[in-house]
Amino acid sequence: MAASPRKSAVNVRRPEIMGEVEKDIRERYFSPLVDHIRASGNVLALDNMTVRLARHFGFCNGVRRAIETAHAARLAFPGRRIFLIGEIIHNPDVNRTLDEMGLHRLPWKECAREFERLEPGDVVLIPAFGVSVPFRRFLEEKGVVLVDATCGDVMRVWRQVARFAQNGVTSVIHGKATHEETVATASHARGEDGQGHFIIVYTREDVECLAGYILGTGSREEFMNRFARAVSPGFDPDVHLKSVGMANQTTMLEEETRLFQQILRAAVMKRDGGPGNFRICDTICSATQDRQSALTELLAQPLDALFVVGGYNSSNTAHLAEIARRVLPAACFVSGADCVAGLRSVRSFDIRTREERETALPPEASDLSRRWVVGVTAGASCPASKIEGLIRRLAGLRRCSLPE
């Protein structure tokens with residue numbers, strides 16, 4: 001089905017509102033201590049502990065804008081019901097704050113029963129990940145007031161996959177098939193006339209299977225079974241892999257996306273004798289790249305321990321933890337200071353089992369007679385206040401005084 005004309009969202013980011021919003025955001029989510037460390041070359045030397053912050057960490061512009069938009073919506077519509085679809089970003093503390101401000105939560109699933117209570121004039125906030133084309137059309141037909149906090153980098157991907165569809169190119173999307181952003185991007189890969197196609201790949205095995213099929217190997221039945229929930233309606237691998245273009249969920253590992261591009265480009269070149277039927281769209285956002293590169297730089301320095309701070313359902317934060325553990329297997333992925341009760345072990349999130357586990361810290365952590373060097377980074381959806389909380393907890397356990 002062709003996309004219907006898009007209804008404009010209401011602009012709540014007005015000057016008379018944003019002054020108060022920016023003050024509130026700074027008080028709730030920012031940190032004078034973290035600002036001090038940034039100004040000191042990202043290093044904090046205490047009595048018996050040194051904290052090294054990654055060069056880039058924490059809130060990106062898209063996340064900050066989404067949070068500001070949510071706060072602005074509350075001020076712009078003081079007497080109205082405001083509904084947030086899913087989570088504004090993947091950070092539980094930020095979403096809890098919005099709950100406390102009176103925003104009602106709706107599931108990120110179009111036509112769910114909960115949407116029946118929406119009435120014309122209700123305000124609906126679209127999160128940073130965006131929503132699918134049919135989902136937005138559904139909301140417009142409900143007659144609600146839309147406030148759109150979709151990240152600009154996400155919309156850039158949408159424009160690219162829509163161009164692929166316009167030119168008869170099938171989008172290969174590197175991402176999680178169930179992630180809100182990827183679901184939305186896939187809907188835009190259908191194009192204005194709804195005739196475009198996509199296939200979603202997540203692992204290297206997915207990409208190698210796809211490359212093999214492009215080269216004429218593998219069973220059609222096995223291929224379709226593998227990607228049954230990751231392709232567009234009517235997708236035919238014998239028809240729709242003639243010309244492909246690669247895009248991605250903006251928070252994926254940059255090095256992994258580059259590798260997948262190389263594998264698919266090589267397959268197309270081997271099949272066709274040239275790269276003309278393979279296109280690349282560099283759609284990993286700069287903030288994701290910056291945080292991954294900065295962590296790699298941090299890991300090159302001598303560290304006794306490293307903490308990755310952020311929401312456990314945050315894709316970009318999980319990838320930081322993945323990078324960290326390649327170098328420091330005991331690197332800790334924590335949601336905040338509450339995960340650190342002592343200096344012998346912490347509650348760290350295991351990205352494979354998807355659960356918190358007690359993780360031992362190195363013996364140096366509890367030896368107050370020697371200097372302990374700790375690296376800290378955070379995902380793009382993590383408030384600086386959470387980073388400060390962790391640093392204060394570690395400093396307190398090490399009996400260190402902090403700068404005023």
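This is a short walk through one protein chain, from its overall build down to a helix and two arginines.

Okay, hi everyone. One thing up front: what you see on the screen is a predicted model.

Let's start with the whole chain. By secondary structure, we have 13 helices and 15 strands. So how compact is the protein chain, going by its radius of gyration? The value is 23 Å, and the globule rule gives 22 Å for 404 residues; those are close, so the chain is as compact as a globular protein of that length. If you'd like a box to picture, the C-alpha atoms fill one of roughly 70 × 55 × 35 Å along the principal axes.

Now, inside versus outside. Of the 404 residues, 56% are buried. The chain exposes about 17,700 Å², and 49% of that comes from carbon and sulfur atoms. As for contacts, take those between residues at least 6 apart in sequence: 70% of them join residues at least 24 apart.

A quick word on charges. There are 53 positive and 50 negative ones, and if you take the mean position of each set, the two points sit 1 Å apart.

Okay, let's zoom in on one helix, α11, which runs over residues 286-299. How far does α11 reach from its first C-alpha to its last? For its 14 residues we get 20 Å, close to the 20 Å expected at 1.5 Å a residue.

Which residues of α11 are buried? Reading along, they are A287, T288, Q289, R291, Q292, A294, L295, L298 and L299. While you look at that list, keep in mind that an α-helix has 3.6 residues a turn, so residues three or four places apart point the same way. And what covers those buried residues of α11? The cover includes two strands you can find further up the chain and towards its end, β2 (49-53) and β15 (372-378), along with α10 (254-272), β11 (305-309) and α12 (315-327).

Last stop: two arginines with a backbone quirk. R354 isn't a glycine, yet its phi is positive, about 60 degrees. You'll find R354 in the loop between β13 (345-350) and β14 (355-360). Is R354 buried or partly exposed? Partly exposed, with a relative accessible area of 44%.

The other one is R399, again not a glycine and again with a positive phi of about 60 degrees. R399 lies in the segment after α13 (384-397). Its side of the story is that R399 counts as exposed, at a relative accessible area of 68%.

That's it from me, thanks!

How values were computed. Residues are numbered from 1 along each chain as its sequence is written. This is a predicted model: local features need pLDDT of at least 70, side-chain atom pairs count only at pLDDT 80 or more; totals for chains, interfaces and linings use all residues. Side-chain values use heavy atoms; hydrogens and water are left out. Helices (H or I, at least four residues) and strands (E, at least two) are DSSP runs, numbered from the N terminus. The radius of gyration is taken over C-alpha atoms; the globule rule is 2.2 Å times the number of residues to the power 0.38. Buried means under 20% relative accessible area, exposed over 50%, partly exposed in between (1.4 Å probe, protein chains only). Contact means heavy atoms within 4.5 Å. Accessible areas come from the Shrake-Rupley method with a 1.4 Å probe; for residues, only the protein chains shown count as cover. Lys and Arg count as positive and Asp and Glu as negative; His and the chain ends are not counted. The place of a charge is taken as NZ of Lys, CZ of Arg, CG of Asp or CD of Glu. The expected span of a helix is 1.5 Å times one less than its number of residues.
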